[in-house]
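Q: Here's a model I'd like to get to know. Take me through one part of it closely, please, and then show me how that part fits with the rest.

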Amino acid sequence: MMIYQSKQRTTLLQEALPTTDLLILACTMTRESRNLINKETIQLLPKGSLIVNVGRGPLVEHSAVLEALDSGAIGGFASDVGVGHPSKPSEPWDPKDALSKHSNTIFTPHVGGYCDLSYSRMAEAVVDAIECVVRGEPPPVWINGP
């Protein structure tokens, strides 16, 4: 996993965290990245650091974040993604749980790419893919292709 910090490339997360005041996660979700930020990695951050997750909810172990917020180990947490909750698995987070209600957290909808331009380009991509298939060609983006 590559981490970019102050224009220097660092190969290990553990090397970068001790000097990271603002950690922004924009990672994909893999087996290796699940709970990437957990009790152990949070302890490596400088006291008062901020964590922002705009990648995927399970990158962060939310119970560890809550514990770190309560102890003052981190100064804040912001996210536009969540891990769901048992009563409503389709919802990104429970607005009534302790992390959501914490005074040093901000949760927002995961809608950064929703605008007229993005919808127009998505529609164009769908039409292009359909036209390829109709012509007997593979679509430009084939997620589950052979």
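A: Let's settle one term up front: a residue is called buried when its relative accessible area is under 20%, exposed when that value is over 50%, and partly exposed in between. With that in hand, take Ser100, keeping in mind that this is a predicted model. Ser100 has a relative accessible area of 18%, so by that cut-off Ser100 is buried. Ser100 belongs to helix 4, which covers residues 98–101. What does Ser100 touch, leaving aside its neighbours within four places in sequence? The contacts are Trp93, Asp94 and Pro95, plus Thr105 and Phe107.

Those last two contacts lead us into the sheet, since strand 6 spans 105–107. The sheet is an open one with 4 strands, paired in parallel in the order 3-4-5-6. Strand 6 stands at one edge and strand 3 (22–25) at the other; each has a single partner strand, so one side of each is left without a neighbour in the sheet. From one strand to the next, the twist averages 10 degrees.

Strand 6 is held to strand 5 (residues 74–79) by 3 bridges, and the two run parallel. One pairing to look for is Ala78 with its bridge partner Ile106 in strand 6. Helix 3 (residues 62–71) packs on the sheet here, touching both strand 5 and strand 6, and its direction makes about 140 degrees with that of strand 5.

Now cross to the other edge. Strand 3 and strand 4 also run parallel, joined by 4 bridges, and Ile24 has Val52 of strand 4 as its bridge partner. In a regular strand, side chains alternate between the two faces of the sheet. Strand 4 (residues 49–53) splits neatly along those lines: Ser49, Ile51 and Asn53 make up the covered face, while Leu50 and Val52 make up the uncovered one.

Ile51 turns up again in the largest nonpolar core, which has 21 residues. Ile51 is among those with the most contacts inside that core, along with Leu25, Ile37, Ile42, Val65, Ile74 and Phe77. Strand 3, helix 3 and strand 5 each supply at least two residues, and helix 3 gives the largest share, with 5 residues. For a closer view, try Ile42: not counting residues up to four places away in sequence, Ile42 touches Ile37, Ile51, Ala64, Val65, Ala68 and Ile74.

A detour while you're in that region: Asn35 sits in the loop between strand 3 and helix 2 (39–44). Most residues other than glycine have a negative phi. Asn35 goes the other way, with a positive phi near 55 degrees. Is Asn35 buried, exposed or partly exposed? At 30% relative accessibility, Asn35 counts as partly exposed.

Back past strand 6, helix 5 runs over residues 116–134. Helix 5 has 19 residues and reaches 27 Å from its first C-alpha to its last, close to the 27 Å expected. Just after helix 5, Gly136 takes a positive phi of about 85 degrees.

Finally, zoom out. The chain has 5 helices and 6 strands, arranged along the sequence as β-β-α-β-α-β-α-β-α-β-α. Of its 146 residues, 34% are buried, and Ser100 is one of the buried residues. Among contacts with a separation of 6 or more, 62% link residues 24 or more positions apart. The chain exposes about 9800 Å², with carbon and sulfur atoms supplying 57% of it.

Key:
Residues numbered from 1 in each chain as written. Predicted model: local features only at pLDDT ≥ 70, side-chain atom pairs only at ≥ 80, totals over all residues. Heavy atoms only, no water. Buried < 20%, exposed > 50% of the residue type's maximum accessible area, 1.4 Å probe, protein only. Contact = heavy atoms within 4.5 Å. Pairing = 2+ DSSP bridges. Axes fitted to C-alpha atoms, helices over the stretch in contact; angles between N-to-C directions. Core = buried A, V, L, I, M, F, W, Y, C linked by side-chain atoms within 4.5 Å. Areas by Shrake-Rupley, 256 points an atom, 1.4 Å probe, with all protein chains shown as cover. Expected span 1.5 Å × (residues − 1).
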